Amino acid sequence: MNGPLRWEELVLVPATPAQAKLTWTRTLCEWGKGLTLDQYHEREHVLANTDFARDNLQVYVLVPKDDPTTLDPLAHCDVYKRPCWQLLWSERRGDPDLPYCQLVEGDAYSVASVFCPPEYRGCGYGSVMIRQLYALLKQNRTTPSLSSLYSDIGPKFYGRSGWVMYPAEQINVPVSAQVIRPLSLQRIKRLTDPMAVPLIDQDCADLKRRLITMGFERSQRAVDPGYVKSNSVLIVPNRATYRWHWARAIYMGPILGATAPECVGASVPRSLAMPSAEVGPSFMLWFHDFAAKALIVLRTRLAQPSDLELLLQAATDEALAHQLERIELWSLEDPDTLGVVTSMVRLSKIPAYFHAKKIERTHSLPGLATFYSDTLADTTISEWLCNDRYAWV
Ligand SMILES: CC(C)(COP(=O)(O)OP(=O)(O)OC[C@H]1O[C@@H](n2cnc3c(N)ncnc32)[C@H](O)[C@@H]1OP(=O)(O)O)[C@@H](O)C(=O)NCCC(=O)NCCS
């Protein structure tokens, strides 16, 4: 190529099958550590054929306008389409003084594997791709939609192209056999994939119901003097989302000398003494990151605060069984909010004997872009509910 191409000469297009395959070969060096090229292709093939990705993954390539099928694209990325729920403010027809807030179902576009080959870096291609992607997502939406991503390169690169960057706190819990109390373990139920499904479905139904109520409550308060309106968004924690993470662990385990994990989480069956609330039991779902030697919590749902201790003991037990060294949590909900949380991690809720530590992540910084129209939404910042690890791609 004769010098860097100018942005007017470039276009972001859906990849051809050959271009999509090429992106796997290229990204091995970045995201395939410990894998041969064949293994990496096989893993990506497995993941691309999960329910999460099969009909919802679009690979985009940045190419010269006059050579769109080139097998030497200048940059590329993956975009997964998935459901999201949003609480959005609208003007009441004919009465702008009485806005209302309601649940709107839309699409989330999760961006991943943003990559520019080393020989093309620093020429602006990555930035051109991300700006074109933002414009494309904004223009193609059919419903109020959003885009999420997790930056490993700080907040600036995505922050200047339309994504608002969110806090990235996490709790690390060292794995130690000393915290296990056998009597506690008897009170929890270890979950396999099929056992987790009804909990996941009930969780989604609970979350949706709670959002509808929140929208109603917010609408009523809109007339209060000084009330500040905010939108809220939530990426739906459905079965497909979890299974994509579990497929990765099942593939990676045997390759890295571990057994393929079967236990995907734990739940605390409801005790008879508990009041019959409309929400389901407490549970924690996780996946095994064998390369990082960590048990990664995807989502924790607490029906009562004391269940957290039991669930962390179960997680410790599972981590020990697979020689994992720590448990990572991105978010811990406040049971008072009935299962809808912001991206807060609450160290104070974890008993001291776990020796948990809160850290500020420098990788996987959450970013969110929202694409609205015909609502008051554009004027307000969005609150990201349940900004937990399950939403990561
Ligand atoms: C990130 C990446 C796509 C950027 O592509 P690029 O074509 O070099 O990007 P541009 O030339 O448009 O811009 C580069 C900007 O990103 C910044 N950047 C690139 N890599 C960075 C890193 N690891 N940490 C922080 N900033 C980084 C550069 O400092 C530069 O900022 P500036 O414009 O303010 O000087 C490319 O470096 C890459 O593929 N890296 C490896 C994979 C990766 O980390 N992807 C991101 C995953 S979230």
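Visitor: Which residues touch the most other members of the largest nonpolar core, and what makes it a nonpolar core?

Guide: A nonpolar core is a set of buried Ala, Val, Leu, Ile, Met, Phe, Trp, Tyr and Cys residues joined through C-beta atoms within 7 Å, and buried means that 20 or more other C-beta atoms lie within 10 Å of a residue's own, with C-beta atoms placed from the backbone (exposed is 12 or fewer, partly exposed in between). Of the 98 residues in this core, Leu62, Met129, Leu234, Trp286, Leu311 and Ala315 touch the most other members. Strand S3 (residues 75-92) gives the most to the core, with eight residues; strands (E, at least two residues) and helices (H or I, at least four) are DSSP runs numbered from the N terminus.

Visitor: How do you know where these values come from?

Guide: The model is predicted, with local features needing pLDDT of at least 70 and side-chain atom pairs counting only at pLDDT 80 or more, while totals for chains, interfaces and linings use all residues. Residues are numbered from 1 along each chain as its sequence is written.

Visitor: Why is the chain called as compact as a globular protein of its length?

Guide: The radius of gyration is taken over C-alpha atoms, and the globule rule is 2.2 Å times the number of residues to the power 0.38. For 393 residues the rule gives 21 Å, and the chain's 22 Å is close to that, so the chain is as compact as a globular protein of that length. The chain holds eight helices and 16 strands, and 39% of its 393 residues count as buried.
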